[in-house]
Amino acid sequence: MEERWLLLFPPLAVAETTGLGTFNPPDAGPRDEPCTWMTGHLTFPLLSVTLLVSFGSSMLYGYNLAVVNSPAVHIKAFYNATWSQRYGHELTPGPLTLLYSLTVSIFALGGLVGSLLVGMLVERYGRNGALSRSALLVLLAGGFMGFSRELGSPEMVIIGRSITGLHSGICLSVVPLYLGEIAPKNLRGFLGLMPSIFICLGVFAAQVLSLPELLGELLLLHCFPESPRYLLIERNDICGATKALHQFLGTPDVQDVIKEMKEEQRSLSSMEMVSVWQLLRDRSVHWQTLSVVVVNAGMQLSGIDAIWFYTNVIFENVGIPVSQIPYTTVGTGAIEIIAGLIGCFTIEKVGRRPLIITGFCAMGICSAGITVSLLLQAALPWMHYVSVACVVGIIAGFCMGPAGVPFLMTAELFTQSHRPAAYIVGGSLNWLCNFTIGFIFPFLQMSAGAFCYLVFCGVCLLVALYVYFIIPETKNKTFMEISHIFATRRSVLSIPAHLRMMRLDGYGTLENSSLEGSGSSLP
């Protein structure tokens with residue numbers, strides 16, 4: 001994979017000035033040998049804080065994705081009864097579908113607003129502080145939804161869903177940002193995918209989890225330190241960063257980690273935290289920004305939210321008896337958890353690219369399979385089993401890679417100065433696409449029928465192709481090494497063609513042997 005990347009976008013003979021400075025990894029070995037500095041082992045504090053933030057935020061996000069699915073009939077009945085009491089007549093099917101779609105999708109609008117607040121919150125309160133303070137939103141949302149029936153107010157359900165979305169919008173960006181900064185590079189993928197498992201758990205347990213319990217767990221974050229990378233690079237608190245590293249890594253020897261952070265701090269010394277507008281205009285990171293846009297938008301436009309929001313409707317349309325739908329849904333939930341565990345425990349072995357490419361390809365193929373099975377099920381009754389298998393395949397493919405890797409990539413593709421703005425861009429697109437799918441899918445299904453899934457198929461396959469050709473593997477690389485790989489992309493066209501195919505070392509410089517006999521030098 002690395003050779004294919006170098007062939008398409010070979011590094012420069014000399015480091016390019018990108019505003020990020022140059023980076024020479026300490027004691028870098030030969031190209032074919034993996035860099036082993038900055039690695040660490042899984043400690044109890046690292047595992048504890050990962051499980052805590054995943055349970056208190058990602059699980060709640062998964063819960064709210066699926067919680068409106070099973071009680072859809074009861075929600076609509078409540079809306080109809082309230083409307084009848086107020087105006088003397090029930091809602092017709094069209095407005096009722098519109099109101100229910102708004103209830104489903106308003107969660108994503110709240111998430112969009114939350115994602116736009118991420119940059120301000122993490123800069124003012126830090127990563128840990130932003131997560132702890134956002135927990136209060138859960139209590140507020142629970143109050144609105146909990147008293148909606150007693151007060152006969154559908155509006156309170158919608159407001160409560162939007163506030164819960166606000167909380168999820170903040171956490172969905174801050175959690176991977178926090179975990180990505182506290183994890184050693186060799187554990188970044190494993191810890192980064194842990195929240196995706198809890199998203200699956202939240203979906204699976206949507207009917208039994210209570211909001212106050214989640215709130216209580218998240219408030220325990222005060223027992224853990226702030227991100228050491230945030231403390232040192234942004235707050236210049238070397239002492240605080242050292243103490244945090246001691247606790248997270250479980251070792252007194254953290255000098256290599258401190259050295260790497262100081263190296264990044266020096267490279268960013270002339271730069272302030274960039275805004276979203278500055279990020280979008282910064283040509284030195286435009287490939288990273290485009291990659292974040294593609295994977296985050298593709299994650300939601302893949303159709304996974306349509307599956308989660310409307311699982312029961314989909315199963316009913318493919319011919320599953322109503323009495324069997326709840327059991328089928330529980331089965332898909334178990335598959336989600338298994339697929340998430342597979343992704344989490346294999347990411348540090350196979351890398352990010354194989355998981356996300358395989359996941360999107362599986363989702364695309366299964367989306368096309370749903371269309372084919374729906375078209376043929378009238379003639380072939382057993383085709384409804386194929387439809388169920390395809391739905392399970394979409395969910396499994398998503399949970400294995402696309403559920404968590406885009407958030408992890410957003411942390412890995414940028415240095416400290418650009419990372420909060422990148423999460424705002426990625427998070428905003430994520431939630432905007434989430435809202436779009438949640439709102440229009442019922443109408444798309446009514447107008448296009450079985451062919452609506454072909455749209456999702458096309459999106460999945462296009463994203464998989466983009467990742468294959470553009471995004472390099474980031475496994476076991478530091479943030480500065482990843483940044484340096486992308487920095488070489490911009491200036492490839494400035495290199496003479498006969499030099500592009502020369503053998504290159506791992507850090508963007510031509511090997512001496514490549515220049516011998518050529519009599520050429522780079523400008």
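How many of the 17 residues of helix 7 are buried? The model is predicted, so local features need pLDDT of at least 70 and side-chain atom pairs pLDDT 80 or more, while totals for chains, interfaces and linings use all residues. Residues are numbered from 1 along each chain as its sequence is written, and side-chain values use heavy atoms, without hydrogens and water.

**View 1. Helix 7 and its surroundings.** Of the 17 residues of helix 7, 15 are buried (under 20% relative accessible area, 1.4 Å probe, protein chains only), so helix 7 is largely enclosed by the rest of the structure. From first C-alpha to last, helix 7 reaches 25 Å, close to the expected 24 Å (1.5 Å times one less than its number of residues).

**View 2. The second largest cavity.** A cavity is a set of points on a 1 Å grid over the protein atoms alone where a 1.4 Å probe fits but cannot get out; lining residues have an atom within 4 Å of a point. The space in this cavity is about 60 Å³. Helix 7 (188-204) and helix 6 (154-182) each supply at least two lining residues, and the largest share, 4 residues, comes from helix 7. The lining includes S58, L172, P176, G192 and F407.

**View 3. E412 in helix 19.** Helix 19 spans residues 405-412 and contains E412, which counts as buried at 0% relative accessibility. The E412 side chain makes a polar contact (N or O atoms within 3.5 Å, one able to donate a hydrogen and the other to accept it) with the side chain of R352, at 2.7 Å.

Definitions and conventions: On a 1 Å grid over the protein atoms alone, a cavity is a set of points where a 1.4 Å probe fits but cannot get out, and a pocket is an open set with protein on both sides within 12 Å along at least five of seven lines; lining residues have an atom within 4 Å of a point. Grid points are joined across faces, edges and corners, and a volume is the space filled by probe spheres set on the points. Buried means under 20% relative accessible area, exposed over 50%, partly exposed in between (1.4 Å probe, protein chains only).
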